[in-house]
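Visitor: Please take one part of this model and go through it closely, strand by strand if there are strands to follow. I would like one connected account, not a list.

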Amino acid sequence: MEVQIMCTKLIKPSAPTPPHLRTLKLSPVDQIQYSIKPTALFYYSADGSAEAEEVERRVDLLETSLSETLTRFYPLAGRYIEDGNWVDCTDEGVEFTAAKVKGRLGEVLSRRDEMIDELVHLAGGESTSAVTLIQVNMFECGGLVIGIRICHHLFDGFSAASFISSWASTAISIHLGLINDLDQEIISPTFDLTSILSPNDLPEMKPRPPLMGTDNGVTKRIVFDGAKISALRAISHDPSFPRKPSRVEVVTALVWRARMRVSLAKHGRLRTSLAALTMDLRLRIVPPLPPSSCGNLVSMATARFVAAESGDGNMEVPVPVPEVPELKILVGLLIDTMTKSKETVVTREDAFPTLLRTRNELYEAVEKGEVDVFMFTSWCNFPAYKIDFGWGKPVWMSRIHSGFEAATFLDTEGGDGIEAWLSFNKQEMPLFLQDKDILAFTSQEAP
């Protein structure tokens with residue numbers, strides 16, 4: 001993919017941030033995040049009217065609306081001060097890059113799996129001092145790809161989604177000449193979690209596991225269409241379950257099971273394993289938080305499968321290698337874990353300690369190395385395919401290669417399927433992709 005950078009500039013808030021808001025102290029949970037900038041890419045096809053002048057007008061609209069949006073999301077235009085764990089909100093600006101891409105957007109969309117390693121060129125550089133980077137990529141056909149990177153120390157995925165939705169709504173309002181009515185339509189975010197969630201005694205944090213380097217890791221995409229997921233839900237349900245499994249739960253269980261098979265082949269025995277799922281803690285906190293509370297408030301809900309001991313320890317006695325558990329067993333564990341997590345109420349004082357404890361439990365399991373820990377994140381139900389800046393909705397949303405070993409789920413365009421973005425060890429990925437369940441329930445014809 002040939003990408004030519006046309007210009008890079010800093011987009012500042014349209015109005016200066018008041019002096020009393022210029023120092024944002026990061027919460028204990030913000031501080032323990034990896035120093036990475038997670039990425040989302042939104043793909044917009046040419047609509048037939050996207051001549052060169054129209055494409056330039058759209059880029060100008062993105063700049064203007066971004067500047068307006070930053071008056072509300074002002075920390076994103078600041079700079080992260082690592083030594084003090086705070087953000088200097090002096091409006092230095094978001095790094096905004098305009099680029100031209102040789103070829104047509106359709107060529108990327110028709111070869112999505114082949115292009116995964118190339119998508120990073122559409123996302124902007126990560127090593128810059130800006131906490132937010134945006135790259136607008138203009139294809140020869142008039143199609144656009146908007147790449148957005150936000151420092152994880154500031155925002156979790158739920159906060160990032162709030163920013164992106166707000167930016168798109170602002171662009172629509174400017175496009176329709178309704179900018180004066182904007183404040184009535186959009187809820188302003190808040191950035192005061194540190195003062196609202198006054199913590200009790202915080203646990204001492206365990207060391208974070210290292211990120212998976214690019215030399216050791218690889219990212220692949222597999223697609224579960226709506227029909228395959230319906231079949232999965234039917235065969236994995238049990239009358240004893242308190243409810244029917246969700247599509248995310250059955251896909252999580254299937255991927256978990258396939259990874260257990262890889263572990264079985266690697267170690268020669270079935271090991272105890274954890275499936276750790278990210279959950280938004282905002283809806284469980286009492287008293288409720290203000291709308292659009294931004295920061296990092298993601299907890300970990302962990303389902304545990306305990307492998308039975310095989311044999312009596314006498315290595316001379318042959319012991320048959322156990323098979324991985326039935327899919328229903330893993331689905332049942334996930335339903336039980338998710339139900340209990342959603343029903344558990346957390347006080348404001350216990351919010352940060354709760355988040356840190358769940359991380360410590362995982363970090364400790366990883367450190368010991370006796371248990372397999374599989375990470376899962378779901379972006380499903382985020383209205384990615386409704387992000388309209390004024391020229392239509394996206395035809396695809398994607399990620400890029402990640403150094404964090406995990407499975408991330410995204411909605412397909414139709415909304416009933418799931419794209420699983422998998423960042424695993426290079427040596428283990430081929431065996432995973434050839435798993436019989438993965439082959440049976442993924443869509444080989446997906447673009």
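Guide: Strand 10, residues 273-280, pairs with strand 12 in the antiparallel sense, and eight bridges join the two. Within that pairing, Asp 280 is set opposite Val 298 of strand 12. The model is a predicted one, and the rest of this account keeps to the sheet that holds these strands, followed by a few loop residues.

The sheet is open and has six strands, in the order 9-17-16-14-10-12, with mixed pairing. Its edges are strand 9 (217-224) and strand 12 (298-305), each of which pairs on one side only. On average, neighbouring strands are turned by 20° against each other, with direction ignored. Helix 8, residues 247-267, packs on this sheet. The helix touches strand 9, strand 10, strand 12, strand 14 (372-378), strand 16 (406-411) and strand 17 (418-425). The direction of helix 8 makes about 155° with that of strand 14.

As a general point, strands of a sheet pair through backbone hydrogen bonds, in either a parallel or an antiparallel arrangement. At the strand 9 edge, the partner is strand 17: these two pair in the antiparallel sense over eight bridges. Gly 217 stands opposite Asn 425 of strand 17 in this pairing. Strand 9 pairs on one side only, yet strand 9 is mostly covered, with seven of its eight residues buried.

At the other edge, the chain before strand 12 has a feature worth checking on the screen. The loop between strand 11 (285-286) and strand 12 contains Pro 287. The peptide bond leading from Val 286 into Pro 287 is cis, and its omega is near -10°.

A further loop follows from strand 14, a member of the sheet. Asn 381 sits in the loop between strand 14 and strand 15 (396-398). Its phi is near 75°, a positive value in a residue other than glycine. Asn 381 counts as exposed because its relative accessibility is 67%, and the cut-off for exposed is over 50%.

Another asparagine with positive phi can be set beside this one. Asn 85 has phi near 55°, and here too the residue is other than glycine. Asn 85 is found in the loop between strand 4 (79-81) and strand 5 (86-88); neither strand 4 nor strand 5 appears in the order 9-17-16-14-10-12 given for the sheet.

Definitions and conventions
Residues numbered from 1 in each chain as written. Predicted model: local features only at pLDDT ≥ 70, side-chain atom pairs only at ≥ 80, totals over all residues. Heavy atoms only, no water. Pairing = 2+ DSSP bridges. Helix = DSSP H or I, 4+ residues; strand = E, 2+ residues; numbered from the N terminus. Axes fitted to C-alpha atoms, helices over the stretch in contact; angles between N-to-C directions. Contact = heavy atoms within 4.5 Å. Buried < 20%, exposed > 50% of the residue type's maximum accessible area, 1.4 Å probe, protein only.
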